[in-house]
Amino acid sequence: MAKKLDFDKEKNNRNDNAIEEIMQAEFPLPKQAEDAKNEAFSRIREMAAASGHTENTENMVQRLQEKSTEKSTGSSGKKSTGTAKSHKKFKTVYKTALGLTAAAAVFSTVCITNPAFAENIPLVGNVFKQLGNSMGFYGDYSKYAKQLTDSAEDAELADTDESQEDGGNPQSAQAEDQNTTENNNADKTKDNESYSKTVDGTTVTLSEVYCNEMALYLSMTIHTEDKFPDTFITSDGKPNIKLSENSTVKYDYMDEKSNLFNAYLDGKMLDDNTYAGVLRIPVEDMTVDDAGWTKFYEVRNAFFKEKGIDVDSEEFSFDKLAQALGMDEYSDAKLPQVGGPAISDYVKDIKVPDRFTMELDLKDIVGTLPDDQDTTPDIPQDLRDEYNQKMAEHGISTDDADYESLTEEQKDLEHQFFTEMWNEYFERYPEAIEGNNRYNSWTLKGDWKFNVDVEKNTSDTVKKDVNVVDENGDGVLSITKTPFEITMKMQDPEAKYFAVMLDANGDIMPYGGVSNSNNTYAIQDRDISTVYIYLCDYYEYMDELKGYYWSDDYEEKAKTRTFKQLLDERAVAGTEVHFDTDK
């Protein structure tokens, strides 16, 4: 925080130097700031005209404008050295400080009353704040996130504090100032090398990192020399941009690196050349034992082979697999019941440590093109005709409404014909596969590598056992609340249930948009002093219950029966959790 200036006689020398330091400092203004500055000076003139001091005030404003223009264009480029000459010169205009204070006050008023201006001031090292409520998992990250880039504002404040603490000695101030500048430049160079990389005109700069018990959040900016590619805007008003799946991350507590699958960014365009976004990595993706799973699948497939089951066969299906193994429904977790391998014998239970380092290798940045620029070819008519002919030869209806009436054999055949059609399609148009940039997406090619030291911040994280379960113990076991999200831990090996969370007002909690999980909710501005948790039959919820809440006339229906009351009647189990009284 900036120190307030004292006007005691004993401190006049230091304060004069500090004020001159601020007035002389280079600080290029964006267009919005320049407009606000001009408006501020205009208002000062109006105030002066009303008070009868027009001439003196005009001279002061002229000097301030010249000084501001000089610094905004970088024509001076020199910093005050604290010499006796500059000190004397500054003393002659000391009384204009009151005018400068008035200008600052009016300038601040312009900023406050013009949100668009304030929103466009660059916030170096503070992408979370720049994104504000546009993030799905928004909140005050300044309390929890570690800044990865130096803030220009912090550097200026450090300079000011240094000059104030030198005791007013001009030579000491000059020496200290030079050392401080060299050190700051060295730090910035180091940080730029660590957290900002440019490849083929695209600069990726990491801004902040925050990790709790449920997820890691990494904010960044992407700046292009040319205008940013046109991008599809999602239903929630955000550009559809992600890190390509050949991008990797390596955690120092893991043996191998892993790919960043579904690494969609949550952010917005700051201008035509700059995008700011946040990558959210759920903890479950940070604790996958890839080597263990690979070994388990090898052993599992060998077990299948012993049972005469070929998983690579075109006729393979999980229904046939369950039948061959004597299961009602196939599940890897239930293999030990039929003599197969146990997952726990091969896959390690990995925990995220309190401190760790992550190595990021971002290969490409991919965005979806707007609909009017998507040139993905349709399935050719000859392939459609061939599919329909095969279906007709086997007496299989192509009407979706009749699909459930098909026999299992007919369903398997339909799946086979459908797969054959798409395989032929991709042989003709290999670039049509999702993620390729020829038809429906653009790609910024690059290889941006970063090393990031992370320290978990578990402050304001609360975990509660809830046990909203059925007679077999399946359901919601616990919930964990962080400052920005609430996640339910489920045990549901057969995927029988859908868990629902309502806020204190009985409304469904929102998803964050990039969580890729039905069991993770964004807190946002919701009242979560109390939350209600329900375990519902999956198909009943999808086919009936969900539609009750999302119907256009829900407000009218809620007058007689609210969604919460409906769940109280129909859910398999439910409970309420209080966060306001029991921490």
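Hi everyone. Before we start, one bit of vocabulary: Ala, Val, Leu, Ile, Met, Phe, Trp, Tyr, Cys and Pro count as nonpolar, Asp, Glu, Lys and Arg as charged, and the others, Gly among them, as polar. We'll use that in a moment for a pocket.

What you see above is a predicted model, so let me begin with confidence. The mean pLDDT of the protein chain is 77, and 69% of its residues reach 70 or more. Over residues 1–33, pLDDT stays under 50, and the model has 63 contacts beyond four places in sequence for that stretch. Residues 150–192 also have a pLDDT below 50, with 41 contacts in the model beyond near neighbours in sequence. Where pLDDT is low, the predicted coordinates should not be read in detail.

Now to the second largest pocket. It holds about 1100 Å³ of space. Which residues are closest to its centre? Of the 29 that line the pocket, those are Val-283, Glu-284, Thr-287, Lys-351 and Lys-489. Strand 13 (475–481) and strand 14 are the elements that give two or more residues to the lining, and strand 14 gives the most, with five. Here is where our vocabulary comes in: the lining divides into eleven nonpolar, ten polar and eight charged residues.

Let's stay with strand 14, which covers residues 485–491. Glu-485 lies in this strand. Is Glu-485 buried or exposed? Glu-485 is buried, with a relative accessible area of 0%. Leaving aside residues up to four places away in sequence, Glu-485 touches Phe-137, Met-214, Ala-215, Tyr-217, Arg-280, Thr-480, Thr-520, Tyr-521, Ala-522 and Ile-523. If you have the structure open, go ahead and click through those.

My last stop is helix 11, residues 318–325. Leu-321, Ala-322 and Leu-325 are buried there. Why do they line one face of the helix? Looking down the axis of helix 11, its buried residues fall within an arc of 95°, so they sit along one face. What do they pack against? The buried residues of helix 11 pack against helix 10, which spans 290–306. On the other side of helix 11, Asp-319, Gln-323 and Ala-324 are exposed. After the helix comes Gly-326, whose phi is positive, near 75°.

That's my tour. Thanks for listening, and I'm happy to take questions!

How values were computed: Residues numbered from 1 in each chain as written. Predicted model: local features only at pLDDT ≥ 70, side-chain atom pairs only at ≥ 80, totals over all residues. Heavy atoms only, no water. Buried < 20%, exposed > 50% of the residue type's maximum accessible area, 1.4 Å probe, protein only. Helix = DSSP H or I, 4+ residues; strand = E, 2+ residues; numbered from the N terminus. Arc of directions from axis to C-beta. Contact = heavy atoms within 4.5 Å. pLDDT = per-residue confidence, 0-100. 1 Å grid on protein atoms, 1.4 Å probe; cavity = no way out; pocket = protein on both sides within 12 Å on 5 of 7 lines; lining within 4 Å. Points joined across faces, edges and corners; volume = space filled by probe spheres on them.
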